Amino acid sequence: MLNEFETYGNQKKRGILIVEDNDINREMLKSILEDKYEITEAADGLIGLEKLKEGYRDLSLVLLDVQMPNMNGYEFLEHQRNDELLSSVPVIVTTGSTISEDEEKCLALGASDFVTKPYNPRIIIRRIEAIIRLSESMATLKAVEFDNISGLYTKAAFIHHFQRYMDENKDKKLDMLMINVEGFSYINELYGVAKGEQLLKHIGNVISVCNFGAIMSCRYTTDRFILMRVHSDSDVSKEVVVYNEKIHENSPVSGFVLKFAVYTDVDTSVSAASLCERLSVTMKTVRRRYDMQLAFYSTEMANRAKHLKKMEESMKDALKEKQFSVYYQPKHDAKTGEIAGAEALVRWIHPVHGFLSPADFIPLFEENGFITKLDLYVWNTVCEDIRNWINDGIKPVPVSVNASRRDILSIDTPERLLLPINENDVDIGLLHIEITESASVNDNVILEKVKAVRDMGIKIELDDFGSGQSSLGTIRDIPTDIIKLDISFVRNIEKQKEIVKMIISLAHALGHKTVAEGVETKEQLEILKDFGCDYIQGYYYSKPLERNEFRQYLINNKH
């Protein structure tokens with residue numbers, strides 16, 4: 001019976017690339033393998049890398065020497081590793097050295113195996129057969145290159161071919177377009193995964209048939225597509241309208257929203273992967289914006305992306321080094337003026353860049369999931385501070401701590417919140433959790449978790465009420481103790497008196513207390529008092545205070 005790697009008749013031989021600068025060694029390897037394999041040769045690493053880029057589809061394996069001119073084996077492996085498409089072709093390193101460090105270094109760089117000179121023909125053949133069989137490289141390459149749902153290039157293949165196109169067409173100006181299916185996860189939930197895949201396939205078909213002037217296109221992530229084309233001075237905003245209509249036409253799913261990000265006249269000195277990242281940054285500016293469908297890349301976005309990247313890279317060390325500080329903004333009783341509570345707010349004091357705006361890092365942390373660790377750190381700190389106030393003979397006030405949607409979903413058991421409360425021997429009634437209206441509405445899983453936390457004795461404050469989908473059902477369905485009016489109501493209270501009065505009355509009718517935040521003037525305070533608002537938070541009484549400052553504030557405002 002024939003071995004599965006033996007060939008006969010017109011069956012196509014598997015391809016092997018031999019990268020070896022020594023002519024004798026190269027000829028020796030060729031003579032050992034040419035009966036069973038289609039051999040391609042390269043006299044140094046640089047030539048070998050080019051031949052790999054040209055012929056990766058037909059190559060099942062690379063035999064790579066370590067010591068070579070122009071580009072050695074280590075450099076070859078480094079370049080190959082940085083291209084997901086090329087790295088699918090396995091490499092066996094060949095060397096005359098017996099130093100184990102060489103072997104370890106090559107394997108660390110992605111080599112599949114290692115053989116030494118002089119060559120033993122039987123061992124080389126068996127190792128080649130084993131590596132090819134293990135990798136099943138031909139099938140793997142096909143899977144890596146084309147997305148099986150949309151039929152377009154995969155991300156790895158697109159970046160590979162895009163980079164090669166730029167390298168070979170340095171004089172051409174190029175544009176990039178990203179298409180994003182807004183809220184694709186909800187489409188899967190509403191219609192089912194199969195229907196969601198039909199939508200992705202439909203979009204891939206439209207892009208393939210209509211082309212939109214693209215030289216190449218891919219399904220970049222689950223719900224994002226990228227097209228690359230020669231630069232055009234046409235009105236992109238008008239083109240986007242056409243693209244949107246074409247994709248919605250005969251779609252298997254209705255009611256979905258497409259968002260577009262455009263990068264015109266791209267910087268071809270930057271890598272293809274970096275250009276795609278820039279486009280992703282651009283898309284972030286238009287996501288979840290009901291008033292925007294199209295965004296254009298700009299250098300300002302690039303600078304902001306670098307800023308966010310630096311924050312992301314330093315966030316874990318920042319938490320360990322306690323660069324995050326907890327500040328407290330007092331809440332006062334609207335009728336008596338006495339201090340009645342506080343909201344815990346987090347501030348990042350960077351050792352190099354100083355104060356970093358929460359408006360920058362909070363959305364970033366909510367997106368990457370780090371917000372859960374940060375909020376838990378704040379929660380633990382608040383519990384410790386309350387215990388210290390009590391130990392120092394200072395009467396504590398209830399403190400509310402913000403919780404994101406991720407926090408609530410990640411709270412596996414209420415005990416996670418109870419642990420620091422019990423460790424610090426703090427009355428559970430002194431701890432409140434603030435959740436936003438948008439984080440909880442129409443989500444039964446979150447509502448159940450919030451209810452479980454409330455049942456433990458932790459009061460729930462509904463933050464930013466009125467900023468989103470406010471309704472009687474919202475405050476009826478969410479387990480809530482306190483309603484916090486969105487700051488926009490206070491800022492425009494002269495024009496919205498009747499609305500504010502109605503919200504406060506409605507909250508009281510349902511058994512909830514109310515807090516108005518952002519109060520800065522006596523006029524605002526008096527209106528809110530007349531309407532029966534319970535608590536006031538804002539600069540009229542105090543800005544957010546550092547922990548020691550708030551401690552003194554409690555002492556000065558005995559209650």
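What volume does the second largest pocket have? The points below take up that question first and then turn to other features of the structure, which is a predicted model.

1. The second largest pocket has a volume of about 390 Å³, and 18 residues line it. Those that lie nearest its centre are His79, Asn82, Asp83, Ile159 and Gln163. By class, the lining of this pocket comprises 7 charged, 6 nonpolar and 5 polar residues.

2. Four helices each supply at least two residues of the lining of the second largest pocket, namely helix H2 (45-55), helix H3 (73-81), helix H7 (155-168) and helix H11 (272-284). Of the contributors, H7 gives the most to this lining, with 7 residues.

3. Turning to enclosed space, the model has 4 cavities of 30 Å³ or more, and the second largest cavity holds about 110 Å³ of space. Its lining is made up of 13 residues, with Asp175, Met176, Leu177, Arg229 and Tyr243 nearest the centre. Two strands and a helix, strand S6 (174-182), strand S8 (224-230) and helix H10 (236-248), each supply at least two residues of that lining. The lining of the second largest cavity divides into 9 nonpolar residues, 3 charged and 1 polar.

4. The structure holds 16 aromatic pairs. In one of them, the ring centres of Phe324 and Phe365 are 6.1 Å apart and the planes stand at 75°, so this pair is edge-to-face, the cut-off for that class being over 60 degrees. Because Phe324 lies in strand S11 (residues 324-333) and Phe365 in helix H13 (residues 358-368), the pair ties together parts that are 41 residues apart in sequence. Phe324 and Phe365 are both buried.

5. A second aromatic pair, that of Phe550 and Tyr553, is stacked, with 6.3 Å from centre to centre and 10° between the planes. Here the two residues both belong to helix H23 (residues 547-556), where they are 3 residues apart, or about one turn of the helix. Phe550 and Tyr553 are both buried.

6. Phe324 and Phe365 also belong to one aromatic cluster, which they form together with Trp348, Phe361 and Phe370. Elsewhere, a charge is set against a ring: the charged end of Lys105 sits over the ring of Tyr74, at 4.2 Å from the centre of that ring.

7. Two residues deserve a look at their backbone angles. Asn70, which is found in the loop between strand S3 (59-65) and H3, has a phi near 70°, a positive value in a residue other than glycine. Asn70 has a relative accessibility of 63% and therefore counts as exposed, for which the cut-off is over 50%.

8. Asp464 likewise has a positive phi in a residue other than glycine, with a value near 55°. Asp464 lies within strand S16 (residues 459-465), whereas Asn70 is in a loop. The relative accessibility of Asp464 is 25%, so Asp464 counts as partly exposed, a class that lies between the buried limit of under 20% and the exposed limit of over 50%.

Notes
Residues are numbered from 1 along each chain as its sequence is written. This is a predicted model: local features need pLDDT of at least 70, side-chain atom pairs count only at pLDDT 80 or more; totals for chains, interfaces and linings use all residues. Side-chain values use heavy atoms; hydrogens and water are left out. Rings of Phe, Tyr and Trp (its six-membered ring) pair if their centres lie within 6.5 Å; planes under 30 degrees apart count as stacked, over 60 as edge-to-face and the rest as tilted. Buried means under 20% relative accessible area, exposed over 50%, partly exposed in between (1.4 Å probe, protein chains only). A charge sits over a ring if NZ of Lys or CZ of Arg is within 6 Å of the ring centre and within 35 degrees of the ring normal. On a 1 Å grid over the protein atoms alone, a cavity is a set of points where a 1.4 Å probe fits but cannot get out, and a pocket is an open set with protein on both sides within 12 Å along at least five of seven lines; lining residues have an atom within 4 Å of a point. Grid points are joined across faces, edges and corners, and a volume is the space filled by probe spheres set on the points. Ala, Val, Leu, Ile, Met, Phe, Trp, Tyr, Cys and Pro count as nonpolar, Asp, Glu, Lys and Arg as charged, and the others, Gly among them, as polar.
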